[in-house]
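Here are my notes on this model, jotted down as I went through it. Have it open beside you while you read.

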Amino acid sequence: MVERLHGTIRQRNKVMRGLDDEATAQTMMDGMRIYYNFLRPHMTLNGQTPARQAKIDVDSSQNWLSLIKKASKQRNR
């Protein structure tokens, strides 16, 4: 499982042609974590996203915006 995630990250990083500094790397990893854990369909989940499998309501038309708003509400509580 870790090798699959590592391959996904390497594939994305190759297109970006590396990272400039630690802050850029952290921003990229935060985005990848959200994508991988909430938005990316997984074969082991029969094509469902982890969010759908966990019954987390993510608006399919605005996935990223929906997650950011939900995270902001959680942080402000």
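The points below go from confidence and overall make-up to individual residues.

1. Confidence first. This is a predicted model, and the protein chain has a mean pLDDT of 76, with 81% of its residues reaching 70 or more. Where is confidence lowest, and where is it highest? The low end is helix H4 (residues 63-76), with a mean of 68, while H3 comes out on top at 84. I'd keep the H4 figure in mind when reading point 8.

2. Overall make-up. The protein chain has four helices and zero strands, so read from the N terminus by the DSSP runs, the order is simply α-α-α-α. Of the 77 residues in the protein chain, 18% are buried. The accessible surface comes to about 6600 Å², and carbon and sulfur atoms hold 52% of that. As for contacts in the chain with a separation of 6 or more, 29% of them join residues 24 or more positions apart.

3. Ile 9, helix H1 to Met residues. Ile 9 sits in helix H1 (residues 2-16). Buried or exposed? Ile 9 is buried, because its relative accessible area is 18% and the cut-off for that label is under 20%. Which residues does Ile 9 touch, once those up to four places away in sequence are set aside? The list is Met 28, Met 29 and Met 32. For Met 28, the C-alpha atom is 9.4 Å from that of Ile 9, with the two positions 19 residues apart along the chain.

4. Arg 40, in the loop after H2. You'll find Arg 40 in the loop between H2 and helix H3 (50-53). Despite being an arginine in a loop, Arg 40 is buried, at a relative accessible area of 18%. Leaving out residues up to four places away in sequence, Arg 40 touches Arg 4, Thr 8, Tyr 35, Gln 48, Thr 49 and Pro 50. Two of those partners, Arg 4 and Thr 49, get their own points below.

5. Arg 4, seen from helix H1. Arg 4 belongs to helix H1 and is in contact with Tyr 36 and Arg 40, apart from neighbours within four places in sequence. How much of Arg 4 is accessible? Its relative accessible area is 43%, so Arg 4 is partly exposed, whereas Arg 40 is buried.

6. Thr 49 and Asn 46, two residues of one loop. Thr 49 lies in the loop between H2 and H3, and Asn 46 is found in the loop between H2 and H3 too. Thr 49 is buried, with a relative accessible area of 15%, but Asn 46 is exposed, at 73%. Beyond its neighbours within four places in sequence, Thr 49 contacts Phe 38, Leu 39, Arg 40 and Pro 41. What is worth checking at Asn 46 is the backbone: phi is near 55°, a positive value in a residue other than glycine. Most residues other than glycine have a negative phi.

7. The salt bridge. How many salt bridges are there? The count comes to one. Arg 33 and Asp 30 make it through their side chains, at 3.0 Å from N to O; the cut-off for a salt bridge is 4 Å. Side chains of opposite charge can pair when their charged atoms come close. Why does the spacing along the helix suit a description in turns? Arg 33 and Asp 30 are three residues apart in helix H2, which means about one helical turn separates them. Both ends are partly exposed: Arg 33 has 43% relative accessibility, and Asp 30 has a relative accessible area of 32%.

8. The nonpolar patch. Which residues make the nonpolar surface patch? Tyr 35, Trp 64 and Ile 68 form it, over about 300 Å². Tyr 35 is in helix H2 (residues 22-39) and counts as partly exposed, because its relative accessibility is 33%. Tyr 35 is also one of the residues touched by Arg 40, so by the under 20% cut-off for buried, this tyrosine of the patch has a buried partner in Arg 40. Do read the patch alongside point 1, given that helix H4 (residues 63-76) has the lowest confidence in the chain.

Technical notes
Residues numbered from 1 in each chain as written. Predicted model: local features only at pLDDT ≥ 70, side-chain atom pairs only at ≥ 80, totals over all residues. Heavy atoms only, no water. Patch = residues over 30% accessible without salt bridge, like charges linked within 9 Å, V, L, I, M, F, W, Y side chains within 5 Å. Areas by Shrake-Rupley, 256 points an atom, 1.4 Å probe, with all protein chains shown as cover. Buried < 20%, exposed > 50% of the residue type's maximum accessible area, 1.4 Å probe, protein only. Contact = heavy atoms within 4.5 Å. pLDDT = per-residue confidence, 0-100.
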